[in-house]
Amino acid sequence: MAMRKLLLLLKPFDIYPVWQTEGLSRITNPQELQVLRYLENRLKVHKDAINFCQDVLRNKPVEWKPIFRNELSYSIRNVDLVITIGGDGTLLQSSHFIDDSIPVLGVNSDPTQVEEVEECSNEFDATRSTGYLCATTTNNFEQVLDSIIDGRRAPSQLSRMLIRVNSQQLSSYALNDILIAHPCPASVSRFSFKVKGNGQSFSPMVHCRSSGLRVSTAAGSTAAMLSAGGFSMPILSHDLQYRVREPISLGEISGSMHGLVKSDQSMDLKWFCKEGMIYIDGSHVSYSITNGDTIELSSKAPSLKVFLPHHLSLQTTAQNTEV
């Protein structure tokens, strides 16, 4: 399909704290000044990346318009490609407004600099944007864009998670993961769950007192799920991975706290707290739940077309070959 009409979805500038030069001049603590200049540089690098991508687009046979992601409140229609400029968070936020017909290209506007991390390692964490799902930076943006416009590069189909609360489908699909938990992180989450398929339970009912439940897609398995002790999944997998966060009930079986929901299965959960939240792909999209609510999770949501980084594209080629 020819790429003629594009939408640029931008990470907003107010994500980065800004200090006036006069304010910085009054700071005498060298470490504090180093951190503030680092944050100020992150904003500059992000702005420069936006300007660079727009300059490239001005010389291409396409129509395009930019919009900041916090200004987007409607489903994206009538465009051939969405380009996100920011990091994984911007790409994830865009996915909540896109169906399975429009592909997404992510530009990591502020990638981590290995030398900077090493230089600052004794002072603070200088990690910038991971951009796991972002196929480009400013270094290769034009090259990748040309291959897409010319039809030489195809997107991959990434699985998303379908969420139903009390049998009602939520309007947002999860591309990365969801967290079901009490809104106060210090409070206990009480819930029960089981995995089922074709109406039959494949696992016994598990009763939990914990810090909540995280469920990820394949794309999200390398993020918080991996940090919590989960494992990385093949990027094209349609399975879901779940892990109970910090279980505290002595009678629970540890093997039931972590597992898979296969593509032909679903997870049924019942919530037993007065308050609760479902956080979808981070903190930007959330839904309230209350005592007695039921939640159903599956990978039956429409997929999302994403142009992946080269190393992940090679992985998808290998997976397709195996299939």
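## Helix H3, an enclosed helix

Let's start inside the protein: in helix H3, the residues Asp 88, Thr 90, Leu 91, Leu 92, Gln 93, Ser 94 and Ser 95 are buried. What you are looking at is a predicted model, so read each value here as computed from that model. With 7 of its 8 residues buried, H3 is largely enclosed by the rest of the structure.

What do the buried residues of H3 pack against? Their partners are four strands: S1 (5–10), S3 (81–86), S4 (104–108) and S19 (304–307).

## Helix H5 and its surroundings

Now move along to helix H5, which covers residues 141–149. Its buried residues are Phe 141, Val 144, Leu 145, Ser 147, Ile 148 and Ile 149. They pack against S1, H2, S3, S4 and S19. If those strand names ring a bell, that's because S1, S3, S4 and S19 also came up as packing partners for the buried residues of H3.

Just past the end of H5 sits Gly 151, with a positive phi of about 80°.

## Lys 60, a buried lysine

Where does Lys 60 sit? Look in the loop that runs between helix H2 (30–57) and strand S2 (63–68). Its relative accessibility is 14%, so Lys 60 counts as buried; the cut-off for that is under 20%.

The side chain of Lys 60 has two acidic partners to look at. One polar contact, of 2.9 Å, links it to the side chain of Glu 142. Another, of 2.8 Å, links it to the side chain of Asp 146. Setting aside residues up to four places away in sequence, Lys 60 touches Glu 142, Leu 145, Asp 146 and Ile 149. Look back at H5 and you will find Leu 145 and Ile 149 among its buried residues.

## Two domains

Zoom out a little, and the protein splits into domain 1 (5–153) and domain 2 (160–301). The contact between them takes 11 residues from domain 1 and 12 residues from domain 2. Taken over C-alpha atoms, the centres of the two domains are 30 Å apart.

## The largest pocket

Why does the largest pocket lie between the two domains? Both domain 1 and domain 2 give residues to its lining, so the pocket lies between them. Its volume is about 430 Å³.

The lining has 19 residues, and those nearest the pocket centre are Leu 92, Asn 176, Ala 223, Asp 281 and Gly 282. Helix H3 (88–95) and strand S8 (177–181) are the elements that give two or more residues to the lining. That brings us back to H3, where Leu 92 is one of the buried residues. Sorted by class, the lining holds 8 nonpolar, 7 polar and 4 charged residues.

## Val 215, fully covered

Over to strand S12 (residues 213–216), where you will find Val 215. Is Val 215 buried or exposed? With a relative accessible area of 0%, Val 215 is buried.

Leave out the neighbours within four places in sequence, and Val 215 is in contact with Met 161, Asp 177, Ile 178, Met 225, Leu 240, Gln 241, Tyr 242, Met 267 and Leu 297. For a sense of scale, try Leu 39: Val 215 and Leu 39 are 176 residues apart in sequence, and their C-alpha atoms are 32 Å apart in space.

## Three loop residues worth a look

First up is Ser 237, in the loop between helix H6 (224–227) and strand S13 (240–244). Ser 237 has 14% relative accessibility and so counts as buried. A polar atom of its side chain lies 3.1 Å from the backbone nitrogen of Asp 239.

The other two have a positive phi in a residue other than glycine. For Asn 78, in the loop between S2 and S3, phi is near 60°. At 66% relative accessibility, Asn 78 counts as exposed. Glu 246 is in the loop between S13 and strand S14 (258–261), and its phi is near 45°. Glu 246 also counts as exposed, at 56% relative accessibility.

Notes: Residues numbered from 1 in each chain as written. Predicted model: local features only at pLDDT ≥ 70, side-chain atom pairs only at ≥ 80, totals over all residues. Heavy atoms only, no water. 1 Å grid on protein atoms, 1.4 Å probe; cavity = no way out; pocket = protein on both sides within 12 Å on 5 of 7 lines; lining within 4 Å. Points joined across faces, edges and corners; volume = space filled by probe spheres on them. Nonpolar A, V, L, I, M, F, W, Y, C, P; charged D, E, K, R; others polar. Domains from an automatic or database assignment. Buried < 20%, exposed > 50% of the residue type's maximum accessible area, 1.4 Å probe, protein only. Polar contact = N/O pair within 3.5 Å; in protein donor to acceptor, adjacent residues only side chain to side chain. Contact = heavy atoms within 4.5 Å.
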